[in-house]
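Some notes on the model follow, as numbered points. They cover the strand pairing first, then the enclosed spaces, and last the backbone.

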Amino acid sequence: LLSLSLAATVLVMLIGSWLLTPKSSSSSKRSRNHEKRLSGRAADTASDPVKAKVAGSFQPFERKMRAEKLSTAAINAFRFNYSGLVSGKSTFISEKDIVPVDSLDTLDSLSTEEDPSLLRSTVVLKLNGGLGTGMGLDKAKSLLSVKSGNTFLDLIAQQVSSLRQSFKQDLRFMLMNSFSTSKDTLDSLAKYDFLGPASELEFVQNKAPKVLASDMSPAKWPEDASHEWCPPGHGDLYPAMLGSGTLDRLLAQGMRYMFVSNSDNLGATLDLRLLTHFAKSKAPFMMEVAERTEADKKGGHLARDAVTRDLLLRESAQCPEDDEKQFQDVSKYKYFNTNNLWVDLEALKAQFAKHGGLLPLPLIKNTKTVNPRDKKSPKVFQLETAMGSAISCFPGATAVCIPRTRFAPVKTCGDLLALRSDAYVLTPDYRVVLHDSRNGMPPTIKLDDNYKFVDQLDAAFPNGPPSLIKCTKLTVTGKVIFSAGISFRGVVSIVNTTDTPLTLPTGAYVDTTVDGPPLYDASRTKGKLEC
């Protein structure tokens, strides 16, 4: 009996001890899973054999980068990416690793009362490193004339001024330029002295060495050493901010929140509802997304980690070939990243400190040739990261669904033609938005390679853009010169199958295909024709 009594006492004590031991909540488990996943990115590329391999093979890259005076932050970021490359670890995000995002808050549903005082601790940052080479430009794309004689940069500067005047609050503005865009951009903005001195207006993005595919060494191209380098992707925003000292300066000046967007997206203005919502949510990071359509199916999408349920971004280059059908299923993966991002600068600084001076962004590996114009030149890897993929680095990161009015980027001459037309209007606060009658749907413009470059587009439309306010889709094939006073309505196709440029006369073209008359050869016709 005594033995039974002692055994019972011990059992009760053990049960009591177990009950009194604090249990991990599901949220803390998710947090631990999140940290394990992030540290796993580094651990997967930091095993002893890989460390030894990287230590030896990375030294030439480090010497090369230091010779170009790149920052320690830039070198750390590239070392992390290079480690991922030589580890052999897959850079793909497969279907088994993710689940769709079912629903999100929408901008229109936010009921937060706007707080203009937050503008004093907010910086608006525009990514402005692109030259627009795909559109035949050798200068910053943001210097293109887009509306009423204004360039992208003109409108951005006036948007900042309008916000300051409307809310009687100071608002900090900055650009991330590239070496190629810095001078032209600063010269263009010099007339807007209210933006502040040039020294406080920009920091410059980094460049990354190309990696020779054959032996993982730095690529060399003596004929033109610039081919040995590549842009590191807009994920370079974060190490560029740290390495240039911009992050620390902004924090020292009392900046807490940062709104980031592309300079060619004039719909992406600072929205006070979104800023207030972001600040009150205490989230470290917030992404603006829009609903995908068939036109967006080849671009990246938002998803959740299958284990942690944290948000992540999957770009097309990160999708395995076998998963392409699901990747393009816009009913399954409903949202795409607009590259309009909100970042808590204190949280960003904390993540850098936590990960030893880098942000462990997922790697994107692109296979190219060292000379992009010489397909027989040696194959190289270009290691890039995406700015939006940082959403997976912040526990508690969120997203909000926005209307298409906040997403109007210019990537092609077709986009530029639409933006210049009456389908878009310039608002009193210098935003460029779709006309109300479009109900949020932009016209689809398909121009063939005769209009690939801006100078070709301008030559084809010497009298300015046609009316597209009632156009659903415009397709242009062949060399056509467009007269003044043309309007397109519904679905219209203009086709010239000859090698001679033909002129389309003034008139309204409604749900039609024009592949002959009234197209005419202006060099053989006198007088003005109208349709």
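1. The model is a predicted one. In strand pairing, β3 (residues 122-128) and β6 (residues 172-177) run parallel to each other, joined over 6 bridges. Within this pair, Asn128 stands opposite Asn177 of β6. Helix α11 (residues 345-354) packs on the sheet, where the helix touches β3, β11 (257-262) and β15 (335-344). The direction of α11 makes about 90 degrees with that of β15.

2. The sheet in question is open and has 8 strands, in the order β2-β18-β12-β15-β11-β3-β6-β7, with mixed pairing. Which strands stand at the edges? They are β2 (105-106) and β7 (202-204); each has a single partner strand, so one side of each is left without a neighbour in the sheet.

3. Another open sheet is formed by 3 strands, ordered β9-β17-β16, and here the pairing is antiparallel. Its edge strands, β9 (211-212) and β16 (364-369), each pair on one side only. Between β16 and β17 (residues 379-384) there are 6 bridges, and the two run antiparallel. Thr369 is found opposite Lys379 of β17. Helix α4 lies across β9, β16 and β17, and runs at about 125 degrees to β17.

4. On the overall content, the protein has 13 helices and 27 strands. Of its 531 residues, 52% count as buried. Among contacts between residues at least 6 apart in sequence, 69% join residues at least 24 apart.

5. On enclosed space, a search of the whole structure gives 2 cavities of 30 Å³ or more. The largest cavity holds about 210 Å³ of space. Its lining consists of 21 residues, and those nearest its centre are Ala77, Phe78, Asn81, Pro239 and Thr385. Which helix gives the most to this lining? It is α4 (residues 72-87), with 6 residues. Helix α4 is also the one that lies across β9, β16 and β17. By class, the lining of the largest cavity has 14 nonpolar, 5 polar and 2 charged residues.

6. For the second largest cavity, the volume is about 60 Å³. Its lining is made by Val124, Lys126, Ile156, Gln159, Val160, Leu163, Phe259, Ala268, Thr269 and Leu270. Two elements, β3 and α5 (152-167), give two or more residues to this lining. Helix α5 provides the largest share, 4 residues. The class count for this lining is 7 nonpolar, 2 polar and 1 charged. Strand β3, which pairs with β6 in the parallel sense, thus appears both in the open sheet of 8 strands and in the lining of the second largest cavity.

7. Helix α12 (residues 413-420) deserves a separate entry. Is this helix enclosed or exposed? Of its 8 residues, 6 are buried, so α12 is largely enclosed by the rest of the structure. The buried residues in α12 are Cys413, Gly414, Leu416, Leu417, Ala418 and Leu419.

8. Some backbone values should be checked by eye. Most residues other than glycine have a negative phi, and most peptide bonds are trans. Lys69 is not a glycine, yet has a positive phi of about 65 degrees. Lys69 lies in the loop between α3 (48-67) and α4. With a relative accessible area of 75%, Lys69 is exposed.

9. Asp511, again not a glycine, has a positive phi of about 40 degrees. The loop that holds Asp511 is the one between β26 (507-510) and β27. Asp511 is exposed, and its relative accessible area is 54%.

10. Where is the cis peptide bond? It is the bond from Pro517 to Pro518, and its omega is near 15 degrees. Pro518 is in the segment after β27 (513-514).

Conventions. Residues numbered from 1 in each chain as written. Predicted model: local features only at pLDDT ≥ 70, side-chain atom pairs only at ≥ 80, totals over all residues. Heavy atoms only, no water. Pairing = 2+ DSSP bridges. Contact = heavy atoms within 4.5 Å. Axes fitted to C-alpha atoms, helices over the stretch in contact; angles between N-to-C directions. 1 Å grid on protein atoms, 1.4 Å probe; cavity = no way out; pocket = protein on both sides within 12 Å on 5 of 7 lines; lining within 4 Å. Points joined across faces, edges and corners; volume = space filled by probe spheres on them. Nonpolar A, V, L, I, M, F, W, Y, C, P; charged D, E, K, R; others polar. Buried < 20%, exposed > 50% of the residue type's maximum accessible area, 1.4 Å probe, protein only.
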